[in-house]
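Let's take a walk through this structure together, starting with the overall picture and then stopping at a few residues along the way.

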Amino acid sequence: MSNVNRFDVITIFPEYLEPLKLSLIGKAVNNGLIEIGVHDLRAQTTDVHGSVDDTPYGGGAGMVMSPEPWGKAIDAVAELAPNEIHELIVLTPAGEKLTQELAQTLTKSKHLIFACGRYEGIDVRVGDFYSSAKNFKVREVSIGDYVLGGGEVATLVIMEAIIRLLPGVIGNSASLDEESHTLSNDGETLVEYPNYTKPKEWRGLEVPEILLSGNHGEIAKWRLEQALIRTKNHPN
Ligand code: 6GU
């Protein structure tokens, strides 16, 4: 069984996803570990203005994204991974909150489709339709309790959280086991212990003596204590 291999993003601002070409994710694409497609929702519109939204039934402020361009765009990207289960991630501040555990779960999906809503969101029937469609799984996901202008930045966050966990993406995969929200103390998730590198003294600040001792047992104990203190003082 292999991990995720395809990500498709549907948006009215494809340029927002340009950072996917950089750094760790860009390298993972160049090395053939993953495939990424970014698709302009407006390519699926039929009127001269390329309209993707309309006024809400029942009245109220703002605009709602129309279902038809979304349906066409999602059907088209599903064809790019024809024999897979398509996990449709609908970005919305009302969704399930992204956690390290959810990122880990999403590494198991072979095909992830990110639907980046703007305005007051996407007509809810889009999610409803694909929820009952064969070969689709739908999740509404949020990255935190604040409101963004659209799902594009949230997509970058979620994709980075997933892709760095995939085998081969990070050279030293042991570093994944020691980072914040992964370290565990009897089932409790901890934030990471403090890290130091050379020089031994910087602007009058010293590296803790224990880290220079070479005593791996004592160092591990100190790091766990520090992680526990930091976790306790963590604002969330
Ligand atoms: Cl996924 N979308 C928007 N528009 N705002 C958000 C969000 C998503 N997650 C947190 N805030």
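Helices and strands here are DSSP runs, numbered from the N terminus, where a helix needs at least four residues and a strand at least two. With that in hand, we can place a residue we'll come back to later: Arg139 lies in strand E7. One thing to keep in mind as you look around is that this is a predicted model.

Let's step back for the whole chain. You'll find six helices and eleven strands in it. Along its principal axes, the C-alpha trace spans about 70 × 40 × 35 Å. Of the 236 residues in the chain, 40% are buried. The accessible surface comes to about 14000 Å², and carbon and sulfur atoms own 51% of that. As for how the chain folds back on itself, take the contacts with a separation of 6 or more: 75% of them are between residues 24 or more positions apart. On the charge side, there are 21 positive and 33 negative side chains, with the centres of the two sets lying 5 Å apart.

Now for helix H1, which covers residues 23-30. Its buried residues are Ile25, Gly26 and Ala28. These residues span an arc of only 160° around the axis, which puts them on the same side of H1. Turn to the face pointing away from that buried side and you meet the exposed residues Ser23, Lys27 and Asn30. So what covers the buried residues of H1? The cover includes strand E2 (35-40) and helix H5 (152-163). Just after H1 comes Gly32, which has a positive phi, near 75°.

Next stop, the start of the chain's strands. Thr11 is found in strand E1, residues 6-11. Is Thr11 buried or exposed? At 0% relative accessibility, Thr11 counts as buried, because the cut-off for buried is under 20%. Setting aside neighbours within four places in sequence, Thr11 is in contact with Leu17, Val38, His39, Asp40, Leu41, Cys116 and Glu152. Keep Glu152 in mind, since that residue turns up again among the salt bridges.

How many salt bridges are there? The count comes to ten. Let's pick out some of them, beginning with Glu152, which pairs with Arg118, the closest N and O atoms being 3.0 Å apart. Glu152 sits in helix H5 while Arg118 is in the loop between strand E6 (111-116) and helix H4 (125-131), so this pair ties together parts that are 34 residues apart in sequence. Both partners, Glu152 and Arg118, are buried.

Asp145 makes another salt bridge, with Lys97, and here the closest N and O atoms are 2.9 Å apart. Asp145 is in the loop between E7 and H5, and Lys97 is in strand E5, so the pair joins parts 48 residues apart in sequence. Asp145 counts as exposed at 66% relative accessibility, whereas Lys97 counts as partly exposed at 41%.

That brings us back to Arg139, which forms a salt bridge with Glu96, the closest N and O atoms being 3.4 Å apart. This pair links distant parts of the chain, 43 residues apart: Arg139 in strand E7 (residues 136-142) and Glu96 in strand E5 (residues 86-97). Arg139 counts as buried at 16% relative accessibility, while Glu96 is partly exposed with a relative accessible area of 36%. What else does Arg139 touch? Beyond residues up to four places away in sequence, Arg139 touches Glu87, Leu88, Ile89, Val90, Glu96, Leu102, Thr105 and Leu106. To get a feel for the span of the model, look from Arg139 to Glu201: they are 62 residues apart along the chain, and their C-alpha atoms are separated by 49 Å.

Salt bridges can also join up: Arg6, Asp8 and Glu35 are linked in a network of them.

Our last stop is Ala227, placed in helix H6, residues 216-233. Ala227 is buried, with a relative accessible area of 0%. Leaving out neighbours within four places in sequence, Ala227 is in contact with Leu183, Leu190, Val191 and Tyr193. Look across to Leu80, though, and you'll see a residue 147 places away from Ala227 in sequence and 44 Å away in space, C-alpha to C-alpha.

Terms used:
Residues numbered from 1 in each chain as written. Predicted model: local features only at pLDDT ≥ 70, side-chain atom pairs only at ≥ 80, totals over all residues. Heavy atoms only, no water. Buried < 20%, exposed > 50% of the residue type's maximum accessible area, 1.4 Å probe, protein only. Contact = heavy atoms within 4.5 Å. Areas by Shrake-Rupley, 256 points an atom, 1.4 Å probe, with all protein chains shown as cover. Lys, Arg positive; Asp, Glu negative; His and termini not counted. Charge placed at Lys NZ, Arg CZ, Asp CG, Glu CD. Arc of directions from axis to C-beta. Salt bridge = Lys/Arg side-chain N within 4 Å of Asp/Glu carboxyl O.
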